[in-house]
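Work through the exercises below with the sequence and the coordinates at hand. Try each task before reading its solution.

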Amino acid sequence: MITSVYSLGSLPSLSKSKKIQASSSMSSSENPEIVERGLFKDKAEGEKEDKQDEQKGGFIEKVKDFIHDIGEKIEETIGFGKPTADFAAIHIPHINLKMAEIVVDVLVKNPNPIPIPLIDINYLIESDGRKLLSGLIPDAGTIHAHGSETIKIPLNLIYDDIKTTYHDIKPGSIIPYKIKVDLIVDVPVFGRITIPLEKTGEIPIPYKPDIDVEKIHFERFSFEETVAVLKLKLENKNDFDLGLNSLDYDVWISDVNIGGADLEKSAKLEKNGISYIDLPITFRPKEFGSALWDMIRGRGTGYSMKGNINVDTPFGKMKLPISKEGGTTRLKKNKGDGGGDDEDED
């Protein structure tokens, strides 16, 4: 019997052959596909998105900067700018016992190469935080290119409205005020702009003075024509002085109108004080009839007086009414009759 015997030395050659085949089999896949999964994949995608967001944000900022630079260059080249405004003056052209007319002058400057519209003007007058007057002026005009305009804002303060609303505001007083003005303009590049202004001051609430004819002094007596002097007592109840310039008045004595006369010289009526002035008059005594004898005997003589006084004040000129009904006065025939010492009571 023949027995086949394999030597152990032949086994490595077989093993070596298998190794070559395995190696050959692996080398047949030259470009393996790598697939990332889990945490590493998410991190990579997040970093990629962040990078894209940074690039996008940077682009938007660059666009904004570009637009801003272009706007500045246009502004510099064309010369657009914000207008300015300020109070030029505040006038009180007319004031009496009923109302005060106020005109506010506002100077507006336009630095732009084109006209700009003044869309609205809002105004408010207040005193110690209390509203006296407010309103709106629409379509207030146009400010010329590279120019300036003085805008006049007329305001009317009605004293009855003020005194009815605020009972502590008394006639004859001076009250503080604050004027607020908002100018609304439309400017290319900038759009609508509001220019706020404020100004403070004082305004009076005038009160008419009291008047009395203390006596009538005869300078020259004749039945045909008598020259006399009215001794007037004026009490100024205002908290400010009155500079008396002229009077426009009529006088009735014993129901006879003896007319009026011009003021010979101006006079100062001190605030909250009493002043005396002389008014020369001429009349015909025979027109008084029997009342003349009562006058000559020095008895009380009835009189009335109506008119106006024209005065200067710290707030401008005023025309204030004067009136006296049912008064009684005395007549003096000459300077030596004992009644002349009180002529200069002022």
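The exercises concern a predicted model and deal with a sheet, a core and two residues of one strand.

**Exercise 1.** Determine the strand order of the open sheet of 4 strands, and explain why strands S4 and S7 each have a side without a neighbour.

Solution.
- Step 1: The order is S4-S3-S6-S7, and the pairing is antiparallel.
- Step 2: S4 (130-143) and S7 (191-204) are the edge strands; each has a single partner strand, so one side of each is left without a neighbour in the sheet.
- Step 3: On average, and with direction ignored, neighbouring strands of this sheet are turned by 15° against each other.

**Exercise 2.** Describe how strand S3 is joined to strand S6, and find the residue in S6 that stands opposite Ile121.

Solution.
- Step 1: S3 covers residues 116-127 and S6 covers residues 174-187.
- Step 2: The two strands run antiparallel and are joined by 8 bridges.
- Step 3: The residue opposite Ile121 is Leu183.

**Exercise 3.** Identify the residues with the most contacts inside the largest nonpolar core, and the element that gives this core its largest share.

Solution.
- Step 1: The core holds 70 residues, and Leu183 and Leu247 have the most contacts inside it.
- Step 2: S6 supplies the largest share, 7 residues.
- Step 3: With neighbours within four places in sequence left aside, Leu247 touches Leu232, Ala261, Leu263, Ile277, Leu279, Asn308, Ile309 and Ile322.

**Exercise 4.** Classify Asn308 as buried, partly exposed or exposed, and list its contacts beyond four places in sequence.

Solution.
- Step 1: Asn308 lies in strand S14.
- Step 2: Its relative accessibility is 22%. Buried requires under 20% and exposed over 50%, so Asn308 counts as partly exposed.
- Step 3: Beyond four places in sequence, Asn308 is in contact with Ser246, Leu247, Asp248, Lys319, Leu320, Pro321 and Ile322.
- Step 4: For one of these partners, Ile322, the C-alpha separation from Asn308 is 5.3 Å, although the two residues are 14 residues apart along the chain.

**Exercise 5.** Classify Thr313 as buried or exposed, and find the backbone oxygen that its side chain reaches.

Solution.
- Step 1: Thr313 belongs to strand S14 (residues 301-313).
- Step 2: Its relative accessibility is 13%. The limit for buried is under 20%, so Thr313 counts as buried.
- Step 3: The side chain reaches the backbone oxygen of Gly316 at 2.6 Å.
- Step 4: Beyond four places in sequence, Thr313 is in contact with Phe240, Asp241, Leu242 and Met318.

How values were computed:
Residues are numbered from 1 along each chain as its sequence is written. This is a predicted model: local features need pLDDT of at least 70, side-chain atom pairs count only at pLDDT 80 or more; totals for chains, interfaces and linings use all residues. Side-chain values use heavy atoms; hydrogens and water are left out. Two strands pair if DSSP finds at least two bridges between them. Axes are lines fitted to C-alpha atoms, for helices over the stretch in contact, and angles run from 0 to 180 degrees between N-to-C directions. A nonpolar core is a set of buried Ala, Val, Leu, Ile, Met, Phe, Trp, Tyr and Cys residues joined through side-chain atoms within 4.5 Å. Buried means under 20% relative accessible area, exposed over 50%, partly exposed in between (1.4 Å probe, protein chains only). Contact means heavy atoms within 4.5 Å. A polar contact is a pair of N or O atoms within 3.5 Å; within protein, one must be able to donate a hydrogen and the other to accept it, and residues adjacent in sequence count only if both atoms are side-chain atoms.
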